[in-house]
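Let us take a walk through this fold together. Please have the sequence and the 3D view open side by side as you read.

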Amino acid sequence: MKMAACLWKKLLQTAKERIIQQRRASLYDCAHGYREELIKKKLQQFAGGSISLSKEENGIGILTLNNPKLMNAFTGTMMLELQERVTELESWKDGKGLIVCGAGNTFCSGSDLNAVKAMSNSEDGMNICMFMQNTLTRLMRLPLISVALVQGKALGGGAELTTACDFRLMTPGSEIRFIHKQMGLVPGWGGATRLVQIVGSGAALQLLSGAVKVDPERALHLGLSEKTLVSSDETGLLEEARAWLSLCTEGPASVIQAVKKVVTAGKELPLEAALRTEKDVFGTVWGGPANLQALVQRPKHK
């Protein structure tokens, strides 16, 4: 029995390690022409703003874009900091949820145009594209239930960032707008692919080709937003977002993270691989503290 228990423990550990590796796997490497260290050095030259992360005792993290002078546009160093914060969140064992927001009553206006102009050659553009796709895909795959709190404007890359979250909450007067066409571009941070998954190909085509301003009412209609909040100040809005997210994050972190993992697998993987991942994740919670406590309380039969 001891040997069987030991073997089962090893199998579970292997399953956990495989799930973590899949979540952190990079989309691109040198075989794709991706030169991460080189692009990091170049991004470091364009300083300004910051990405802050606070972790609350209830397992909710607050990720804040701080560059209000430029409507929270991503500078080079902010892109690097976002990668660092995502890495930190991947290892947060007690985490359950994440709220992504911007400082100064607005969300994010995309990339800082100063950095864009200075790195407008094809090689740099492609490497920034791959760097941000890697980072936002890892953000999307976090074992936390995430929500973008959209105040003011989410433009271009800011709109793409909202799609890397599981849900979006908007405030009165706010907008999400994929303005890439007006810049002679298409989304490059994975936003078009994720938008199709969220609203469908027809609606995505309309939003991208028309550079449409999506207000809270239209976002609700499209399924791009879950709710329009009512508070008029940042503190109140954050409390509303916390309250909404708490409906999804009530319970032990191990179970909430497991739920997110199986949904991510079902969304991204072929059927057989998704089922195997679901089996592996199921094995990590079966017989765990939350499961055993539930069996004692027998909530299903009350």
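A residue is called buried here when its relative accessible area is under 20%, exposed when it is over 50%, and partly exposed in between. Keep in mind that you are looking at a predicted model. With that cut-off in hand, turn to strand 2, which spans residues 60-66: six of its seven residues are buried, so by the cut-off just given this strand is mostly covered.

What lies beside strand 2? On one side is strand 1, residues 50-55, which runs antiparallel to strand 2 and is joined to it by six bridges. You can check the register on your screen: Ser50 has Asn66 of strand 2 as its bridge partner, and Ser54 stands opposite Ile62. The hairpin made by strand 1 and strand 2 has four residues between the strands, and in this hairpin Gly59 takes a positive phi near 85 degrees.

Strand 2 also pairs with strand 3, this time in the parallel sense and again over six bridges. To get from strand 2 to strand 3, the chain passes through helix 3 (residues 76-90), and this β-α-β crossover is right-handed. Two pairs help you trace the parallel register: Ile60 has Gly97 in strand 3 as its bridge partner, while Leu65 stands opposite Gly102 of strand 3.

Now step back to see the whole sheet. Six strands make up an open sheet with mixed pairing, and their order is 1-2-3-4-6-8. Strand 1 and strand 8 (227-228) are the edge strands, each pairing on one side only.

Let us move on to the backbone. Most residues other than glycine have a negative phi. Two residues in this model are worth a look with that in mind. Asn105 is not a glycine, yet its phi is positive, at about 65 degrees. Asn105 sits in the loop between strand 3 (97-102) and helix 4 (113-118). Ala211 likewise has a positive phi, near 45 degrees, without being a glycine. The loop that holds Ala211 links helix 8 (201-209) and helix 9 (216-222).

Are these two residues buried or exposed? Asn105 has a relative accessible area of 44%, so it counts as partly exposed. Ala211 has a relative accessibility of 1%, which means that it counts as buried.

Just ahead of that second loop is helix 8, whose two sides are worth viewing in turn. Ala203, Ala204 and Leu207 are buried in helix 8. They lie on the same side of helix 8 because they cover an arc of only 100 degrees around the axis. An α-helix has 3.6 residues a turn, so residues three or four places apart point the same way. On the other side of helix 8, Ser201 and Leu205 are exposed.

Next comes the largest pocket, with a volume of about 780 Å³. Its lining is made up of 32 residues, and those nearest the centre of the pocket are Ser111, Leu113, Val116, Leu185 and Trp189. The elements that give two or more residues to this lining are helix 4, helix 5 (122-140) and helix 6 (157-163). What kinds of residue line the largest pocket? By class, there are 19 nonpolar, 11 polar and two charged residues.

Finally, try setting sequence separation against distance in space. Ser254 belongs to helix 11 (residues 253-268). Ser254 and Asp94 are 160 residues apart in sequence, and their C-alpha atoms are 7.8 Å apart in space. With a relative accessibility of 45%, Ser254 counts as partly exposed. Another pair to try is Leu38 and Ser109, which are 71 residues apart in sequence and 25 Å apart in space, C-alpha to C-alpha. Leu38 is found in helix 2 (residues 36-44), and at 31% relative accessibility Leu38 is partly exposed.

Conventions:
Residues are numbered from 1 along each chain as its sequence is written. This is a predicted model: local features need pLDDT of at least 70, side-chain atom pairs count only at pLDDT 80 or more; totals for chains, interfaces and linings use all residues. Side-chain values use heavy atoms; hydrogens and water are left out. Buried means under 20% relative accessible area, exposed over 50%, partly exposed in between (1.4 Å probe, protein chains only). Two strands pair if DSSP finds at least two bridges between them. A crossover is right-handed if, with the strands pointing away from the viewer, the path from the first strand over the helix to the second runs clockwise. On a 1 Å grid over the protein atoms alone, a cavity is a set of points where a 1.4 Å probe fits but cannot get out, and a pocket is an open set with protein on both sides within 12 Å along at least five of seven lines; lining residues have an atom within 4 Å of a point. Grid points are joined across faces, edges and corners, and a volume is the space filled by probe spheres set on the points. Ala, Val, Leu, Ile, Met, Phe, Trp, Tyr, Cys and Pro count as nonpolar, Asp, Glu, Lys and Arg as charged, and the others, Gly among them, as polar. The arc is that of the directions from the helix axis to the C-beta atoms.
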